[in-house]
Amino acid sequence: IAATQPSTDWHLKENARDHHTSKFSSKELIVRRGQAFIVTFNGTEQPEQNLTFIAETGPKPSKLAKTQATFGISSTVSKESWSAVLQSTSSNSVSISIYSPPNAVIGRYKLSVQSTSGDSSSPASLGTFVLLFNPWSSGDDVFMPNKAECEEYVLEEFGIIFAGNKNHINSFGWNFGQFQGDILNICLSMLDRSLNYRQDPATDLSHRNDPKYLGRVLSAMVNANDDQGVLLGNWSGNYAGGKSPSSWTGSGEILQNWKKSGFKPVRYGQCWVFAAVLTTVLRCLGIPTRTITNFSSAHDADRNLRVDEFYDANGNHLDRAADSVWNFHVWNESWFSRSDLGPSYSGWQVLDATPQEESGGIYQCGPASRNAIKEGDVDLDYDCPFVFAEVNADCMYWNYDPATGKKTLIFSKSTTIGQFISTKAVGRDDRVDVTNDYKYEEGSTKERDIFKKARKKLGLEDKFDPTAPTPQEIDQKPDISGKFKVAGPLEVGKDLNLILVLANLQSDAKTVHVNMTAWSTVYTRRPVHDIWKDSISVILSPKEEKQFPIKIPYPEYHQQLTTDNTIQVTALCHVEGGIQVLVQRDITLDNPAIDIQVLGEAKVNKEVDVEVIFTNPIDMELMDCVLQVEGNDLLRGILEINVPPLKASEKSSTKFKLIPFETGPKHLLVNFSCDKFSAIKTFKMVNVID
């Protein structure tokens, strides 16, 4: 080989088109494993049969660790190992097709070429390329036969995340932005900052061909616990010193901030932020991934498939248990095969980057096979008992006396947890319910059998649990029933109107003393501020139903409200001569609406005006108003606009310009915040034409 450095043509456009990597905005070749790519180089004076190629990755490449491959030119591609086939030659250049095996380690590779004839010259570097997972290739662990699903779960940069509560599901848009500028490099540096890599780089690299391994490592790296990962969680309701979790609109800003700060954890995340960032990273690396929202999600801290909630005599929800039931929780599903468990456990795998419980000594969770969860196979790797409990745990509600430490069961329920499990539809902005993929129909014998099977596998069936209620406690029958009905709009800025309905189930009169409370909470139902309390005593005639209207005026709750807009209302009913009855309801208030109008046609590289319209719905002035706008291929980075204060009932119109730079359906995301309302979000699909 000549002493001059060979010049390399990586055929960026053609290779990117063939490998579904055109959306990356990189000057470096990015290809997928298990598929050939073309390279042309010149400056070799040797006959091509004398050339040897070396592809290597990581700081200490070795053949043994599968991080180095040496291969010559052969007549056909080998499916099992790296190989090269001659495409064409001219007087001074060679075009070859290089094939990587479908189980190759992913990451940044250095490609060199060396002459094998007599002289011992050192290899000449052809440059670097990045190798990713390949869901389009049938040999890959992440192979996804349905092309529309590949498009959605790997190439789609816009997502919809579901939130709210089981009575009232709402949703917001998210910009995953996995192909933005520097995101791929940030994802690769995440791998190099993991605990596994720091402890043993060579072993870590040799496992980077395995989506199970990378999914688990990245579920730990997205949270800051243990490893100075990307996001610091905060569920206190006070987000001073950082951004409130509900104010983010995309992953790009979070990942860029992490890198810019010298990899200091970004403040702050909550479950959907962790899940959205993990979606970005896994889609970027080529592992099909989506976000999943579970409503009434159990956090079972003590692995007994039971969550305990405690209330005092006044009906206050006590924050004293490690267990909790969240209004909703967001995690991820990634698609890959499970050679470690067998084919029936392949397909969607649950990963969860929210730091809830340690697994193997650090905050990571998964991959747990979704099929294993449905079948109650909680003894299989990884973290199946925790995920099984999130969708299946039984709920126990206790009355707790702080003075004596005595607890009395109020009631238990086995059908509360794990409802309306939701994800975005493929190719559409709709909600799809996947509850039946996680469990058999609630209340069916099959579902109870699976629950018993899981309890048995966890050794819970045969050991005495002193904290469990007695069968007598569980079988007690209440004399009255109660529920809260909504009587009016559930909107921030409006009074909250409810009706407490109490019904006497017996044929003799009952005297009931009712203690009612309302607390602002975060979405995990952790109480933050008390808002209102009241108590009444009523006599219910035999079989009588009575209604008691409740009104909590906006001025009484607005300062206590958290950014989640959630209020928990509780009535603890002490029935004379009978057992207590707990009536509760979690309320999620909607933010006022905000509207986006695109004024005219959106064309590539042409300015188009956009107007955002918002009307102040309350009779107070709104201060500190900020509008945040982002959207892939519509604008670069995030546009932040300060909006003048808005008087009571005043309408504001904010105009700005976009210059779209790609054709096709794009999503514009808007987030409006002020001193009285946090994170009013909306999105609009913009069809960009030539």
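User: How does Asp465 count by accessibility, and at what percentage?

Analyst: This is a predicted model, so treat every value as computed from it. The general idea is a scale with two cut-offs: buried is under 20% relative accessible area, exposed is over 50%, and partly exposed lies in between. Asp465 has 26% relative accessibility, so the residue counts as partly exposed.

User: Where is Asp465 found, and which residues does Asp465 contact beyond its neighbours in sequence?

Analyst: Look in the loop between helix 12 and helix 13 (471–475). Leaving aside neighbours within four places in sequence, Asp465 is in contact with Asn304 and Arg306. The side chains of Asp465 and Arg306 are joined by a polar contact of 2.9 Å.

User: How far is Asp465 from Glu442, in sequence and in space?

Analyst: Read both separations together. Asp465 and Glu442 are 23 residues apart in sequence. Their C-alpha atoms are 25 Å apart in space.

User: Glu442 carries a UniProt annotation. Which residues does that "binding site" annotation cover?

Analyst: The entry is unreviewed, and its "binding site" annotation covers Asn392, Asp394, Glu442 and Glu447. Next, set sequence span against spatial spread. These residues span 56 residues in sequence, yet no two of their C-alpha atoms are more than 12.5 Å apart, so they gather at one spot.

User: Take Asp394 and Glu447. Where does each sit, and is each buried or exposed?

Analyst: Asp394 is in strand 20 (residues 394–401). With 13% relative accessibility, Asp394 counts as buried. Glu447 lies in helix 12 (residues 445–457). Glu447 is also buried, at 4%.

User: Which residues does each of them contact?

Analyst: Again, leave aside neighbours within four places in sequence. Asp394 contacts Leu305, Arg306, Val307, Lys413, Ser414, Arg448 and Phe451. Glu447 contacts Asn392, Tyr440, Glu441 and Glu442. Arg306 appears in the contacts of Asp394 and in those of Asp465.

User: Now a loop residue. Where is Asn234, and is Asn234 buried or exposed?

Analyst: Check the element and the accessibility separately. Asn234 is in the loop between strand 12 (231–233) and helix 7 (251–260). Its relative accessibility is 11%, so Asn234 counts as buried.

User: What surrounds Asn234?

Analyst: A polar atom of the Asn234 side chain lies 3.0 Å from the backbone oxygen of Asn238. Not counting residues up to four places away in sequence, Asn234 touches Tyr239, Pro245, Tyr268, Gly269 and Gln270.

User: How many residues does the largest nonpolar core have, and which have the most contacts inside it?

Analyst: Find the residues with most contacts, then ask which element contributes. The largest nonpolar core has 67 residues. Trp174, Leu184, Met190, Leu218, Ile254, Trp272 and Leu285 have the most contacts inside that core. Helix 8 (residues 271–285) gives the largest share of this core, with 12 residues. A second, separate core has 59 residues, including Val575, Val612, Cys674 and Val686.

User: Last topic: sheets. What is the strand order in the five-strand open sheet, and which strands stand at the edges?

Analyst: Strands in a sheet pair through backbone hydrogen bonds, in a parallel or antiparallel sense. Here the order is 32-38-37-34-35, with mixed pairing. The edges are strand 32 (602–603) and strand 35 (639–643); each has a single partner strand, so one side of each is left without a neighbour in the sheet.

User: How do strand 34 and strand 37 pair?

Analyst: Strand 34 (residues 625–630) runs antiparallel to strand 37 (residues 664–673), over five bridges. To fix the register by eye, start at Glu630: this residue stands opposite Leu669 in strand 37.

Notes: Residues are numbered from 1 along each chain as its sequence is written. This is a predicted model: local features need pLDDT of at least 70, side-chain atom pairs count only at pLDDT 80 or more; totals for chains, interfaces and linings use all residues. Side-chain values use heavy atoms; hydrogens and water are left out. A nonpolar core is a set of buried Ala, Val, Leu, Ile, Met, Phe, Trp, Tyr and Cys residues joined through side-chain atoms within 4.5 Å. Buried means under 20% relative accessible area, exposed over 50%, partly exposed in between (1.4 Å probe, protein chains only). Helices (H or I, at least four residues) and strands (E, at least two) are DSSP runs, numbered from the N terminus. A polar contact is a pair of N or O atoms within 3.5 Å; within protein, one must be able to donate a hydrogen and the other to accept it, and residues adjacent in sequence count only if both atoms are side-chain atoms. Contact means heavy atoms within 4.5 Å. UniProt positions are given in the numbering used here, feature names are shortened, and annotations may be inferred rather than shown by experiment. Two strands pair if DSSP finds at least two bridges between them.
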